[in-house]
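Thanks for coming. I will take a few minutes to walk through one model, a piece at a time, and you can follow along on the screen.

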Amino acid sequence: MIEELFQIERDAYKDSIIHRIDARVKIAIAFAAIIALVAVPYSTMIYTVGVIFFFFFCILWTCTRLSFGTFLRRVLAIVPLWGVIIFFQIFLKNKYYTEYDVLFSLPFGISIYAQSIEFAFILLVKFIICISFIILLSSTTKMHDMLEGAARMGLPAEFALALGMMIRYLFVFGYMFRKINETLQTRCFDAFDHRLPYPYRLRQLGYTLGTMFIRSYEQGERVYTSMLCRGYGRDSYLFVERKPLKGGEWAFLFISMVFIIAVPLAVWLSSFRLL
Amino acid sequence: MHIPDAFIPIWQGAIYWIIALVFIALALRWARNDMNEEKLPLVAVLAAGIFALQSFNLPVSMGTSGHLVGGALAAIILGSPFAAVFILTLVLIVQAVLFGDGGITVLGANIINMGVIGGFVGFYTFKGLISATKSMPVSVFFAAWLACLIPALACAVEMFLAGTFPLTEGLVAMGIYHAIIGVIEGFVTIAVIYLVTSVRPDLVDTGVKATAGA
């Protein structure tokens with residue numbers, strides 16, 4: 001994950017109409033879209049909502065001028081683990097269906113059910129589109145802007161201050177992580193090498209992690225001492241100046257919110273009409 | 001263990017958020033009272049450090065790997081379970097918002113699992129064992145092991161309540177997997193705390209210093 005950090009920040013530093021929008025607008029839209037998607041019941045209604053939301057996401061992503069390859073790479077980095085759990089759903093029964101039709105019977109009493117496959121698809125659609133909006137948010141918003149946006153939206157000062165410093169140290173750790181990994185590689189140390197005794201591998205990893213922590217802390221201490229020299233004090237908080245949203249940003253936020261609320265509602269209401 | 005969006009219904013996610021907010025408020029109170037000028041960089045570094053520690057893939061078995069959780073480490077170094085809640089909240093926010101690792105609607109559940117349960121289990125297991133055994137390695141090992149295992153079991157229960165994974169299979173799979181990762185987390189946490197207490201004993205304030213060589 002830490003390797004992605006530098007690529008994400010590089011993407012966030014690019015320029016496009018979406019990159020220039022205030023972080024608060026992007027945070028509000030991304031969170032609203034995720035909440036709306038999760039709020040849709042576990043039913044096939046999510047297919048329609050999902051397609052419309054994904055179309056909306058694709059329009060926004062196209063405006064970012066980032067490649068779809070970038071998006072796919074980030075999705076592929078997130079999906080594997082939970083993709084396996086979604087895949088396993090096809091063998092399981094759950095409380096959302098009362099009747100199950102067996103599609104395939106496998107040895108050891110394992111069966112694949114039609115309803116379970118449907119449920120797995122429902123989960124997959126929700127999951128992929130939710131992370132798409134997170135990828136859109138993080139790929140188009142600098143970490144510092146996101147923090148300022150969150151502070152303006154009411155994030156407690158203690159969190160804002162600690163998060164600000166944490167983000168700074170994340171990059172220090174990122175560099176340390178790279179350096180230490182390179183050092184381990186030059187010494188031909190591989191934590192997954194079975195020829196090495198397991199306790200030895202664990203001890204080396206423990207010392208590596210501890211070294212990384214101490215070196216980063218000492219780097220942090222130096223930064224902190226410079227902060228003290230520049231007037232930082234116990235009661236200092238991250239200063240965030242007032243920044244009203246522009247007319248265009250208000251309009252974009254309003255239209256997006258209406259869209260995000262109206263689409264699931266319209267699809268839900270139309271399902272009654274079809275019945 | 002980072003539950004993503006969609007795996008827990010919105011109303012259950014809201015309940016977990018409310019519970020998590022109570023602990024976040026208590027953690028904020030800890031930060032206001034105890035996070036002084038000296039501790040702030042340590043908190044920030046520890047948060048970034050736990051983020052980095054979670055990036056290290058550790059070998060488990062049969063080609064699988066896992067990562068550390070770090071709740072016990074944070075609670076032991078900073079001497080309070082609320083420090084773990086505060087730090088893990090920061091880590092989980094960054095992971096969810098920047099990397100999509102863990103969801104937004106389920107962030108409350110993830111904070112409860114790794115921050116609240118991990119932090120409290122880790123801290124009080126450590127406190128109990130260090131006074132009983134006087135051995136830093138033993139206390140840290142069991143604290144870290146339990147702080148990895150119990151949140152995983154809680155995660156399995158939450159997925160069962162959400163109807164997205166059966167209880168028995170979830171408890172067995174998560175339990176076995178994290179019991180193994182927990183052993184690794186235990187050993188690595190001992191090594192990290194031993195190294196930190198040897199090189200920078202001033203950073204640890206939970207009585208580990210006195211027994212570091214035990």
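Helix α8 of chain A, residues 157-186, packs against helix α9 of chain A, residues 198-229. The angle between them is about 140°, and their axes are 10 Å apart. At that angle α8(A) counts as oblique to α9(A), because the roughly antiparallel class takes angles over 145 degrees. The crossing of α8(A) past α9(A) is right-handed. On the α8(A) side, the contact is made by A:Y169, A:V172, A:F173, A:M176, A:F177, A:I180 and A:L184. Facing them from α9(A) are A:T208, A:T211, A:M212, A:R215, A:S216, A:Q219 and A:G220. By type, the residues of this contact divide into eight nonpolar, five polar and one charged. I should say now that this is a predicted model, and the values I quote are computed from it.

Next, the domains of chain A. Domain 1 is written in two stretches, 2-141 and 244-274, while domain 2 covers 157-229. The centres of domain 1 and domain 2 of chain A, taken over C-alpha atoms, are separated by 33 Å.

Now some single residues in chain A. A:I78 sits in helix α5 of chain A. Is A:I78 buried or exposed? A:I78 has 21 C-beta neighbours inside 10 Å, so it counts as buried, the cut-off being 20 or more. Which residues does A:I78 touch, leaving aside neighbours within four places in sequence? The contacts are A:I131, B:G100 and B:D101, so please note the chain letters, because they are easy to misread on a slide. Along the chain, A:I78 and A:Y96 are 18 residues apart, and 26 Å separate their C-alpha atoms.A:R65 is found in the loop between α4 (45-64) and α5 (68-88) of chain A. Phi of A:R65 is near 65°, a positive value, and this residue is not a glycine. With 13 C-beta neighbours inside 10 Å, A:R65 counts as partly exposed.

Chain B has a residue to set beside that one. B:K134 lies in the loop between α5 (107-133) and α6 (136-162) of chain B. B:K134 is not a glycine either, and has a positive phi of about 60°. B:K134 counts as exposed, because 12 C-beta neighbours lie inside 10 Å.

As for chain B as a whole, its secondary structure comes to seven helices and two strands. Read along the sequence, the pattern is α-α-β-β-α-α-α-α-α. Of the 214 residues in chain B, 62% are buried. Among contacts in chain B between residues at least 6 apart in sequence, 70% join residues at least 24 apart.

Last, the contact between the two chains. How many residues does the contact take from each chain? It takes 50 residues from chain B and 55 residues from chain A. On the side of chain B that touches chain A, the elements giving two or more residues are α1 (10-34), α2 (39-53), β1 (58-59), α4 (81-99) and α7 (167-199) of chain B. Of these, α2(B) gives the most, with twelve residues. The residues on that side of chain B divide into 36 nonpolar, nine polar and five charged.

That is the end of the walk-through.

Terms used. Residues numbered from 1 in each chain as written. Chains lettered and ligands numbered in written order. Predicted model: local features only at pLDDT ≥ 70, side-chain atom pairs only at ≥ 80, totals over all residues. Helix = DSSP H or I, 4+ residues; strand = E, 2+ residues; numbered from the N terminus. Contact = placed C-beta atoms within 7 Å. Nonpolar A, V, L, I, M, F, W, Y, C, P; charged D, E, K, R; others polar. Domains from an automatic or database assignment. Axes fitted to C-alpha atoms, helices over the stretch in contact; angles between N-to-C directions. Parallel < 35°, antiparallel > 145°, perpendicular 65-115°, else oblique. Left-handed = near helix turned anticlockwise from the far one by under 90°.
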